[in-house]
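Please load the model in your viewer and keep the selection panel handy. We will move from one selection to the next and say what is there at each stop.

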Amino acid sequence: RGPAPVTDELFLIDGNSLAYRAFFALPESIATSTGQPTNAIFGFASMLVKIMTDYGPKATVVVWDAGSSGRKEIYAEYKAQRTTRPDLLKEQWPHLEPLVQAFGYRNYAVAGYEADDVIASIVERAQNADPPVPVMVVTGDRDAYQLVGNGVRIMTTSRGITDTRVYDRQGVIDRYGI
């Protein structure tokens, strides 16, 4: 079982991060009887089930990339090590947003922005609300740790897709010394 649930906590899921994580964490041999690849879909669904099982029904938004942050224009090395989306993941991509909807969660994207930037903006708005809204950001992207603070926690995947760890401010300090 996961940690005790926080009342009225908003879950913000980095859809792109989890989809990539699921795709690379699970064997490409996971497929339908007709050979349609489903490893990313299965892994993504497994993470949504884990959240529902461990935390119960929560207000949950899955945020997707819908453009570039402009960082690549400023810094040529930004994500330079990343390759284009693999074909087997491209085949599964159109099924992810309907999957999110099937769980009763909301898909969200802002044209011209990456998911992590949108998540950071939503976190800021949640913290400035009266009263502040506690937030759990679910991502495999370690730079999200900069969002951790009072009322903001990060759930990161460690191995596979459903082996997770939740970090609060003290957890980040203990793990990274910052």
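Which residue in strand 3 does V63 stand opposite? Select V63 and look across: the residue facing it in strand 3 is Y108. Keep in mind along the way that this is a predicted model.

**The strands around this pair**

Now select residues 59-63, which make up strand 2, together with strand 3. These two strands pair in the parallel sense, over three bridges. Widen the selection to the whole sheet and you will find six strands in an open arrangement, ordered 3-2-1-4-5-6, with mixed pairing. At the edges stand strand 3 (106-108) and strand 6 (163-167); each has a single partner strand, so one side of each is left without a neighbour in the sheet. If you turn the view, note the twist: neighbouring strands are turned by 25° against each other on average, direction ignored.

**A helix across the sheet**

Next, bring up helix 1. Which strands does helix 1 lie across? They are strand 1, strand 2, strand 4 and strand 5 (152-159). Relative to strand 1, helix 1 runs at about 55°.

**The largest nonpolar core**

Select F44, I51, V138 and M155 as side chains. These are the residues with the most contacts inside the largest nonpolar core, which has 26 residues. To see where the core comes from, colour strand 1 (10-14), helix 1 (15-25), helix 2 (39-55), helix 5 (96-102) and strand 4 (135-139), each of which supplies at least two of its residues. Helix 2 gives the most, with eight residues.

Stay on F44 for a moment and display what surrounds it. Leaving aside residues up to four places away in sequence, F44 touches G15, L18, A19, A22, V62, W64, L96, L99 and V100.

Apart from that core lies another, of 18 residues. Your starting residue V63 is in it, and I119, A144 and Y145 are also among its members.

**Zooming out**

Finally, show the full chain as a cartoon. You should be able to find seven helices and six strands, which follow one another along the sequence as β-α-α-β-α-α-α-β-α-β-β-β-α. Of the 178 residues, 39% count as buried. For a contact map, take contacts between residues at least 6 apart in sequence: 68% of them join residues at least 24 apart. Switch on the surface to end the tour: the protein exposes about 9800 Å², and carbon and sulfur atoms supply 53% of that area.

Definitions and conventions. Residues numbered from 1 in each chain as written. Predicted model: local features only at pLDDT ≥ 70, side-chain atom pairs only at ≥ 80, totals over all residues. Heavy atoms only, no water. Core = buried A, V, L, I, M, F, W, Y, C linked by side-chain atoms within 4.5 Å. Buried < 20%, exposed > 50% of the residue type's maximum accessible area, 1.4 Å probe, protein only. Helix = DSSP H or I, 4+ residues; strand = E, 2+ residues; numbered from the N terminus. Contact = heavy atoms within 4.5 Å. Pairing = 2+ DSSP bridges. Axes fitted to C-alpha atoms, helices over the stretch in contact; angles between N-to-C directions. Areas by Shrake-Rupley, 256 points an atom, 1.4 Å probe, with all protein chains shown as cover.
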